Amino acid sequence: MNTIYLLAMAAIPVTAGDLALAHWARTNQFPFVILGLILNLIGIIIYSQSLHTENIAVATAIFLGLNIFAVSLGSIFLFRESLSLPRGIGLLFLLISSLLY
């Protein structure tokens, strides 16, 4: 399987897990802690599979770049957080650099 697809598949549950943990931090609803931890574990297991075929530095940079981009979008839509123009440009560069792999 192509490494970028594997890393994108890993970023999806990790992003969902991060957003679940953020929801828990705002609402103190304990089931979201469990959900967040389980989703993060699933994503890390998928991510670890990419290390069979990719350099750890490259795999980690792409994985975290995709995760940061997705969490930022999630925080905007789910938690109504704002995004300044410089941060938006930075996120765009982050996404482009991850996809240029």
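# Helix packing and loop residues in a predicted model

Asn-28 has a relative accessible area of 62% and is therefore exposed. The structure discussed here is a predicted model. Asn-28 belongs to the loop between helix 1 and helix 2, and its phi is near 60°, a positive value in a residue other than glycine. Most residues other than glycine have a negative phi.

A similar backbone feature occurs in the loop between helix 3 and helix 4, where Arg-80 is placed. Arg-80 is not a glycine, yet its phi is positive, at about 60°. Arg-80 counts as exposed because its relative accessibility is 69%.

**The salt bridge**

The search of the whole structure returns 1 salt bridge. Its partners are Arg-26 and Glu-81, whose closest N and O atoms are 2.4 Å apart. The pair links distant parts of the chain: Arg-26 is in helix 1 (residues 3-27), Glu-81 is in the loop between helix 3 (56-79) and helix 4 (85-99), and 55 residues separate them. Side chains of opposite charge can pair when their charged atoms come close. Arg-26 counts as partly exposed because its relative accessibility is 46%. Glu-81, with a relative accessible area of 34%, is likewise partly exposed.

**Accessibility of selected residues**

| Residue | Relative accessibility | Class |
|---|---|---|
| Arg-26 | 46% | partly exposed |
| Asn-28 | 62% | exposed |
| Asn-67 | 9% | buried |
| Arg-80 | 69% | exposed |
| Glu-81 | 34% | partly exposed |
| Leu-99 | 55% | exposed |

**Helix 1 against helix 2**

The axes of helix 1 and helix 2 (residues 31-50) come within 7 Å and cross at roughly 165°. Helix 1 is therefore roughly antiparallel to helix 2. The crossing of these two helices is left-handed. Sorted by class, the contact of helix 1 with helix 2 has 18 nonpolar, 8 polar and 1 charged residues.

**Helix 1 against helix 3**

For helix 1 and helix 3, the axes come within 8 Å and cross at roughly 40°. The two helices are therefore oblique to each other. Helix 1 passes helix 3 in a right-handed crossing. The contact of helix 1 with helix 3 comprises 16 nonpolar, 5 polar and 2 charged residues. On the helix 1 side, the residues in this contact include Ile-4, Leu-7, Val-14, Leu-19 and Arg-26. On the helix 3 side, they include Ile-62, Phe-63, Leu-66, Asn-67 and Phe-79. Arg-26, a partner in the salt bridge with Glu-81, thus appears among the helix 1 residues that meet helix 3.

Asn-67 lies in helix 3. With 9% relative accessibility, Asn-67 counts as buried, because the cut-off for that class is under 20%. Leaving aside neighbours within four places in sequence, Asn-67 is in contact with Ala-11, Val-14, Thr-15 and Asp-18. These four residues are listed in helix 1 among those that meet helix 3.

**Helix 4 and Tyr-5**

Leu-99 lies in helix 4 and is exposed, with a relative accessible area of 55%. Leu-99 and Tyr-5 are 94 residues apart in sequence, while their C-alpha atoms are 10 Å apart in space.

How values were computed. Residues numbered from 1 in each chain as written. Predicted model: local features only at pLDDT ≥ 70, side-chain atom pairs only at ≥ 80, totals over all residues. Heavy atoms only, no water. Salt bridge = Lys/Arg side-chain N within 4 Å of Asp/Glu carboxyl O. Buried < 20%, exposed > 50% of the residue type's maximum accessible area, 1.4 Å probe, protein only. Axes fitted to C-alpha atoms, helices over the stretch in contact; angles between N-to-C directions. Parallel < 35°, antiparallel > 145°, perpendicular 65-115°, else oblique. Left-handed = near helix turned anticlockwise from the far one by under 90°. Nonpolar A, V, L, I, M, F, W, Y, C, P; charged D, E, K, R; others polar. Contact = heavy atoms within 4.5 Å.
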